[in-house]
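Q: I am new to reading protein structures. Could you give me a close look at how the strands and helices are covered and fitted together, one step at a time?

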Amino acid sequence: MKPFITLNKVNKFFNKQHVLKDISLNISQGELIALTGASGSGKSTLLSIIGLLENFDQGSYQLLNHEVTKFDELQLSLLRNKNLGWIFQNFNLIDDMTVLENVILPLRYYKELSVTQQKKAAKKSLKAVGLAEYENSKPAQLSGGQQQRVAIARAIVNKPEIILADEPTGNLDSENQDSIFQLLIELNKQGSTIILVTHANELARYCDRIINIKDGYIMSDSLNNNAIKQNSNGVNH
Ligand SMILES: Nc1ncnc2c1ncn2[C@@H]1O[C@H](COP(=O)(O)OP(=O)(O)O)[C@@H](O)[C@H]1O
Ligand SMILES: [Mg+2]
């Protein structure tokens with residue numbers, strides 16, 4: 001299968017600190033990937049480069065047939081807004097907007113959608129994460145697990161090819177952790193390519209492929225033949 005994401009010898013420095021070292025990576029459409037490694041190993045930096053939120057110093061990067069190494073800020077933000085959905089550990093919701101307004105945010109870049117169409121898409125997305133009845137609530141009125149569901153609804157509202165999640169369950173209890181993870185697995189089954197940073201090994205084992213980073217290097221990159229994918233009823237298959 002044709003790679004969706006190709007990094008070739010990518011290096012990243014923060015001042016003099018060499019944070020990512022010769023990262024070469026091919027990711028295909030439909031993969032569910034866990035990026036693991038100790039704190040400070042470079043996981044978030046790598047995800048941010050893949051997700052076009054951070055630049056790099058050496059190497060090249062192709063995303064969805066675009067040579068992004070040569071892109072300017074405007075081209076990067078268009079590519080990002082059309083094709084990528086981000087989910088963060090701390091949800092990154094805007095407190096003084098309603099749940100529905102938060103979910104609509106990524107669609108503001110789609111000039112071709114009317115306000116009515118934007119609302120319709122956001123409501124559909126909230127329904128997909130089981131929160132249709134909370135559209136007029138403010139984020140603070142929801143539990144942590146519900147807030148992360150809103151963030152996921154926002155990440156999928158533009159039907160992105162790729163979902164990037166940086167420790168999405170890091171602030172959740174184990175029950176919510178599990179339900180958010182099942183939701184990500186469901187999105188993957190529906191076709192989304194997902195790259196997930198986690199240092200919870202119990203979550204990584206659900207993924208098809210586990211890439212381990214240590215001190216800025218890829219230490220291992222292996223298919224997880226024992227991936228325990230479950231459907232939303234929790235039944236193994
Ligand atoms: N914006 C930044 N400025 C300077 N140093 C940074 C920045 N972001 C990350 N770093 C450093 O880069 C290294 C890797 O960080 P990070 O990618 O966040 O690791 P991880 O997500 O694996 O914990 C760490 O040493 C961190 O302190
Ligand atoms: Mg991190």
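A: Let's start with one word we will need: a residue is called buried when its relative accessible area is under 20%, exposed when that area is over 50%, and partly exposed in between. Keep in mind that what you see is a predicted model.

Now look at strand β6, residues 84–88. Four of its five residues are buried, so the strand is largely enclosed by the rest of the structure. Its pairing is with strand β7, residues 162–166: five bridges join the two, in the parallel sense. To find your place in this pair, look for Ile87, which faces Ala165 of β7.

Helix α2, residues 73–83, also belongs in this picture. The buried residues of the helix are Leu76, Ser77, Leu79, Arg80, Asn81 and Asn83. They pack against β6 and β7, and against β4 and β5 as well. At the start of α2, a side-chain oxygen of Asp72 comes within 3.2 Å of the backbone nitrogen of Leu74.

With β4 and β5 we arrive at a sheet. Four strands make up this open sheet, in the order β2-β1-β4-β5, and their pairing is antiparallel. Strands β2 (17–28) and β5 (66–67) stand at the edges with a single partner strand each, so one side of each has no neighbour in the sheet. Eight bridges hold β2 to strand β1, residues 3–14, in the antiparallel sense. Within that pair, Pro3 sits opposite Ser28 of β2. Helix α1, residues 43–50, packs on the sheet and touches β1, β2 and β4 (58–63), its direction making about 125 degrees with that of β1.

One residue of the sheet deserves a pause: Thr6, which is part of strand β1. Its relative accessible area is 18%, which is why it counts as buried. Apart from neighbours within four places in sequence, Thr6 is in contact with Leu25, Asn26, Ser60, Tyr61 and Gln62. With Asn26 there is also a polar contact between the side chains, at 3.0 Å.

Back to helix α1, which is mostly covered, with seven of its eight residues buried. Those residues are Lys43, Thr45, Leu46, Leu47, Ser48, Ile49 and Ile50. After the helix comes Leu52, which has a positive phi near 60 degrees.

Helix α1 also leads us to ligand 1, since it gives three residues, the largest share, to the shell around that ligand. The full set around ligand 1 is Phe14, Gln17, Val19, Ala38, Ser39, Gly40, Ser41, Gly42, Lys43, Ser44 and Thr45. Three side chains in this set place polar atoms by oxygen atoms of the ligand: Gln17 at 2.8 Å, Ser44 at 2.8 Å, and Thr45 at 2.5 Å. Taken alone, ligand 1 exposes 560 Å², and the protein buries 61% of that. The elements that give two or more residues to the shell are β2 and α1.

For a contrast in place, go to Ser143, in the loop between α4 (115–128) and α5 (144–156). Its relative accessibility is 34%, so Ser143 counts as partly exposed. Ser143 is 126 residues along the chain from Gln17, and the C-alpha atoms of the two are separated by 38 Å.

Our last stop is strand β9, residues 209–214, and here a general rule helps. In a regular strand, side chains alternate between the two faces of the sheet. See how β9 looks with that in mind: Arg209, Ile211 and Ile213 form a covered face, while Ile210, Asn212 and Lys214 form an uncovered one. Strand β3, residues 32–36, pairs with β9 in the parallel sense over four bridges. There, Leu35 has Ile211 of β9 as its bridge partner. β9 is also joined to strand β10, residues 217–223, by six bridges, and these two run antiparallel. One of the bridges pairs Lys214 with Tyr217 of β10. β9 and β10 form a hairpin with two residues between them, and Asp215 in the turn has a positive phi of about 45 degrees.

Technical notes. Residues are numbered from 1 along each chain as its sequence is written. Chains are lettered from A and ligands numbered from 1 in the order in which they are written. This is a predicted model: local features need pLDDT of at least 70, side-chain atom pairs count only at pLDDT 80 or more; totals for chains, interfaces and linings use all residues. Side-chain values use heavy atoms; hydrogens and water are left out. Buried means under 20% relative accessible area, exposed over 50%, partly exposed in between (1.4 Å probe, protein chains only). Two strands pair if DSSP finds at least two bridges between them. Contact means heavy atoms within 4.5 Å. Axes are lines fitted to C-alpha atoms, for helices over the stretch in contact, and angles run from 0 to 180 degrees between N-to-C directions. A residue is near a molecule or strand if one of its heavy atoms lies within 4 Å of it. A polar contact is a pair of N or O atoms within 3.5 Å; within protein, one must be able to donate a hydrogen and the other to accept it, and residues adjacent in sequence count only if both atoms are side-chain atoms. Accessible areas come from the Shrake-Rupley method with a 1.4 Å probe; for residues, only the protein chains shown count as cover.
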